[in-house]
Structures are given as C-alpha cells and as structure tokens.
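Subject: Structure handover and notes

Hello,

Here is the structure I said I would pass on. My notes on it follow below.

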Amino acid sequence: MALPPRTRPQARAEEWMRLALDEARAALTTGDVPIGAVVVGPDGTVVGRGRNRREADGDPTAHAEILALRDAARTLGSWRLDGCTLVVTLEPCAMCAGGIVLARVPRVVLGAWDEKAGAAGSVFDVLRERRLNHWVEVTGGVLADECSRLLLDFFSAHRRGAAEAPGDDDGPAGPAPGGTADFGG
C-alpha cells in the first residue's frame, strides 16, 4: 500500500529541518552537542541560524535556539519575531522555551522529543502554558529519526571517549525509561 503524498506544509517543515540538521552537524566541529536551529520569517526565508556553542564559547546559554533567536532579531531589527517559525532538531529546554515565548515566536517545529528536559510537552509545556502572555503552536517529530540518530551517535562516541579518558560526560547513559532517547542539553 502506498503512503499518502506529503502535504506542502510537511514538505516545507522537512526542508527547514534539514537546514537545522546542517547547523547541528556544524556543532560537531567544536565538540558541542549537535543541536541546530533556524528561524524562518513570515515569507519562508531563513532569517536566523544557530547551533549549540556551549563548548566553543564557554557559555551555558549558547543553545542553538537562543543563538538563532538572536540572529533573527538582528536580521529583522526587532526582538519581536511575529510571524516567524523556529525549527530545531531537539525539543527546547525550559530556558530556550522561555526565550521563544519572550520573542513572541508563534510556531515551533521540532525534530526529536527530549524526555529528560523538554519544555514543549515532554517534561514541561512552557510553550503552551496558559498562564503566560504568549502561546506557541508546536509541531513535533519532523525528521525525528534523523535528529535522534545524530544525537545518539554523538553521545555514543562521547561515552567511548570517556571510557578511554575519564572526564565529564553530560550525555545520556542510554534510552530513558520506556525506551525513549534521553539527550541532555
């Protein structure tokens, strides 16, 4: 039986996620956790890019989403990112979800869910918290297998390296209870 054809919005979301995956792969060059993000403007063009740079910059706030939001704000000349969509390879954490809400981003498209620290529905749901002044539409699971595989491969290699040379391993020990991948920040 043939699969139903993809809709135009699905195809666009996958196209944007592939750009976010490119950013995630670029994070590998600095030893950062491979998470990438892009901000897409109302007209469908990319207005901001980011990838994890915590290791590269020695900055605990240098998450892909925060850097992409900053880049988009510079590009658009406004902190309000009305009409934009943030596309990210891993479900945002609480810090990033807070930044998304404060930037008034109306839509988030994410790849893999984060059962340990996700704040878009897995652990917390900051993006759709009704007590806040802004709510975000969330679409999850876009190219989830590819996004998950990149993270799992990174942490697997990180653990192998840690076994050879003791050090800080902030990656997961394996799947979280229930078989869901746990990726950390």
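With which side chain does the side chain of E129 make a polar contact? The partner is the side chain of R131, at 2.7 Å. Please keep in mind that this is a predicted model. E129 sits in the loop that runs between β4 (107-112) and β5 (137-139). Its relative accessible area is 25%, so E129 is classed as partly exposed. The C-alpha atom of E129 is 9.8 Å from that of V101, a residue 28 places away along the chain.

Overall layout

The chain contains five helices and five strands. Read from the N terminus, the order of elements is α-β-β-α-α-β-α-β-β-α. The chain has 185 residues, and 44% of them count as buried. If one takes the contacts between residues at least 6 apart in sequence, 58% of these join residues at least 24 apart. The exposed area of the chain is about 9,300 Å², of which carbon and sulfur atoms supply 54%.

The annotated position

UniProt, in an unreviewed entry, lists E65 under "active site". E65 belongs to helix α3, which covers residues 64-76. Is E65 buried or exposed? Its relative accessible area is 3%, which is under the 20% cut-off, so E65 counts as buried. Beyond its neighbours within four places in sequence, E65 is in contact with A37, L86, V88, L90, E91, P92, C93 and C96. Of these, L86 is also named among the core residues described next.

The nonpolar core

In general, nonpolar side chains in soluble globular proteins tend to be buried together. Here the largest nonpolar core has 44 residues, and those touching the most other members are M17, V39, L69, L86, V87, I100 and L127. Two or more residues come from each of α1 (8-27), β1 (36-40), α3, β3 (85-90), α4 (94-102), β4 and α5 (144-164). The largest share is that of α1, with six residues.

V87 is one of the core residues just listed. Setting aside residues up to four places away in sequence, V87 touches W16, M17, A20, G36, A37, V38, V40 and V109.

T89 is in strand β3. With a relative accessibility of 1%, T89 counts as buried. Its contacts, again without neighbours within four places in sequence, are M17, A20, L21, A24, P34, I35, G36, G111, A112 and C147. M17 and A20 thus appear in the contact lists of both V87 and T89.

Helix α4 and the residue after it

Which residues of α4 are buried? They are C96, A97, G99, I100 and V101. These buried residues pack against α3, β3 and β4. C96 is also in the contact list of E65, and V101 is the residue whose C-alpha distance to E129 is given above.

R104 comes just after α4 and has a positive phi of about 65°. R104 is in the loop between α4 and β4. The relative accessible area of R104 is 16%, so this residue counts as buried.

A second positive phi

L143 also has a positive phi, near 50°, and is a residue other than glycine. L143 lies in the loop between β5 and α5. At a relative accessible area of 17%, which is under the 20% cut-off, L143 is classed as buried.

Aromatic rings

How many aromatic pairs are there? The count is one. F154 and F155 form this pair in an edge-to-face arrangement, with 5.0 Å from centre to centre and 75° between the planes. F154 has a relative accessible area of 14% and is therefore buried. F155 is buried as well, at 1% relative accessibility.

That is what I have for this chain.

Regards

Note on methods. Residues are numbered from 1 along each chain as its sequence is written. This is a predicted model: local features need pLDDT of at least 70, side-chain atom pairs count only at pLDDT 80 or more; totals for chains, interfaces and linings use all residues. Side-chain values use heavy atoms; hydrogens and water are left out. Helices (H or I, at least four residues) and strands (E, at least two) are DSSP runs, numbered from the N terminus. Buried means under 20% relative accessible area, exposed over 50%, partly exposed in between (1.4 Å probe, protein chains only). A polar contact is a pair of N or O atoms within 3.5 Å; within protein, one must be able to donate a hydrogen and the other to accept it, and residues adjacent in sequence count only if both atoms are side-chain atoms. Contact means heavy atoms within 4.5 Å. Accessible areas come from the Shrake-Rupley method with a 1.4 Å probe; for residues, only the protein chains shown count as cover. UniProt positions are given in the numbering used here, feature names are shortened, and annotations may be inferred rather than shown by experiment. A nonpolar core is a set of buried Ala, Val, Leu, Ile, Met, Phe, Trp, Tyr and Cys residues joined through side-chain atoms within 4.5 Å. Rings of Phe, Tyr and Trp (its six-membered ring) pair if their centres lie within 6.5 Å; planes under 30 degrees apart count as stacked, over 60 as edge-to-face and the rest as tilted.
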